[in-house]
Amino acid sequence: MGLTTPLFFFGTLQHPPLLAAVLGDIGHVTLAEAALPGYRTSAAREGPFPVITVQPGAVTSGLRAEGLRPEDVAKLDYYEQAFGYRLIDAPLADGRTARVYIPLQGLWTPDGPWSLEAWARDWGALSVEAAREVMRYRGRKTPEEVGVMFPRIRARAWSRINAARSRHGAGTFPGEIDLIDQRRVYAGFFALDEIDLRHTRFDGDLSDEMTRGVFVVSDAALVLPYDPMRDRVLVVEQMRVGPLARGDATCWQFEPVAGLIDPGETPEETARREAMEEAGVTLGALHPVGESYASPGNSTEFYYTFVGIADLPDAAAGLGGLEAEQEDIRAHLMSFEDLMRLCDTLQAANTPLVMLAYWLARHRERLRSAS
């Protein structure tokens, strides 16, 4: 297979793990320092990635990639086109010609300097995970479709980064899993995978091959705002499609404040952001309640749950939510006794709310005495 014209990488593709996530094998690719005159690299205001713009007199440093094959360039085209980048020919400072991925005009906004080292430190691992998912859609989805999905792809990648930091598992069985195949059968805001696997049984034998379906969703933070002085909580109410799809007569649910964790966010930051977005509430101290799977038999959904200390006057009740996310949320104030009555009479159909209520029952006196 013939080789192509060298490419010039000015941004994240200079990071070998990311290049390998896009291409697979990169052993045949030679990377050497190079410079591209007449262009400036800047951070993009819209995200943690660089944008390159024409600027006479400027010089952009990067890497010249040689040894690329047509299939490599096809893979790079797919990846870069998802973000609105296209190849052009440009002369390098040494007089040789290379091809450079340039964004469509006006697509991204330059916003100050960009550092490869800082990006690799803060965003490299997440970007590699996201690139692996992007490339799995090649031949199945267009680059434009992947571009629309990319915020959720990044969120799922952030969940995989968080999974490596999980603290649970003490005392559980150290068995092995033979992952035979994993297929993505649906991808959009959420995703659905089918997995063929075998695993070690408790008797030491290997299980027969089995196929399982798993709902793939990014991590979430949930918080129950609690006012220890007034001894009351804030819960939110909104329509939920889960009860609707199940055929439940009640599709509006009482819940704790909740939201998906954005890439780069800590669960605590998400809890504070969501409390303000959904109910206009500023949280004080956050008390961790649990880090747990919602339904580990069929879902990746992982919850970071908190009770958050808050000032909850009567005015805290009302309507909230972000119109941009089509949220229609009503906040309710509820005394501790009313909350426990809701749970004890099986009127609370939201498992995290019940869990948070019983945690609060256990720790309520301590929180009130500390206020």
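Strands are taken here as DSSP runs of at least two residues, numbered from the N terminus, and in this predicted model Y186 is found in one of them, strand β6, which covers residues 177-187. Y186 has a relative accessible area of 48% and is therefore partly exposed. Together with V185, F189, F190, L192 and F215, Y186 forms a nonpolar patch on the surface, and the accessible area of this patch amounts to about 540 Å². One member of the patch, F189, also takes part in an interaction with a charged side chain, since R152 lies over the face of the F189 ring at 4.7 Å from the ring centre.

Aromatic side chains also meet one another, and the count comes to 9 aromatic pairs. Among them is the pair of Y79 and F83, whose ring centres are 5.2 Å apart and whose planes stand at 75 degrees, so that the arrangement is edge-to-face. Y79 is buried, with a relative accessible area of 6%, and F83 is likewise buried, at 17%. The rings of W114 and W119 have their centres 6.5 Å apart and their planes at 50 degrees, and this pair is therefore classed as tilted; both tryptophans, W114 and W119, are buried. Ring pairs further join Y79 and F83 with F150 into a cluster.

Oppositely charged side chains form 34 salt bridges in the model. In one of these, R230 and D311 meet with an N to O distance of 2.6 Å. Because R230 lies in the loop between β9 (220-227) and β10 (232-239), whereas D311 lies in the loop between β14 (302-310) and β15 (318-320), the pair ties together parts that are 81 residues apart in sequence. R230 is partly exposed, with a relative accessible area of 40%, while D311, at 54%, is exposed.

Another salt bridge joins D248 to R246, with the closest N and O atoms 3.4 Å apart; here D248 counts as partly exposed at 29% relative accessibility, and R246 counts as exposed at 70%. A buried residue is involved in the salt bridge between R273 and E265, in which the closest N and O atoms are 2.7 Å apart, for E265 has a relative accessible area of 13%. Salt bridges also link E129, R132, E133, R156, R160, R184 and D193 into a network.

A further buried position is N162, which lies in helix α4 (residues 143-163) and has a relative accessibility of 7%. When residues up to four places away in sequence are left out, N162 touches D219 and Y304.

How values were computed
Residues numbered from 1 in each chain as written. Predicted model: local features only at pLDDT ≥ 70, side-chain atom pairs only at ≥ 80, totals over all residues. Heavy atoms only, no water. Helix = DSSP H or I, 4+ residues; strand = E, 2+ residues; numbered from the N terminus. Buried < 20%, exposed > 50% of the residue type's maximum accessible area, 1.4 Å probe, protein only. Contact = heavy atoms within 4.5 Å. Patch = residues over 30% accessible without salt bridge, like charges linked within 9 Å, V, L, I, M, F, W, Y side chains within 5 Å. Areas by Shrake-Rupley, 256 points an atom, 1.4 Å probe, with all protein chains shown as cover. Salt bridge = Lys/Arg side-chain N within 4 Å of Asp/Glu carboxyl O. Phe/Tyr/Trp six-rings, centres within 6.5 Å; stacked < 30°, edge-to-face > 60°. Lys NZ or Arg CZ within 6 Å of the ring centre and 35° of its normal.
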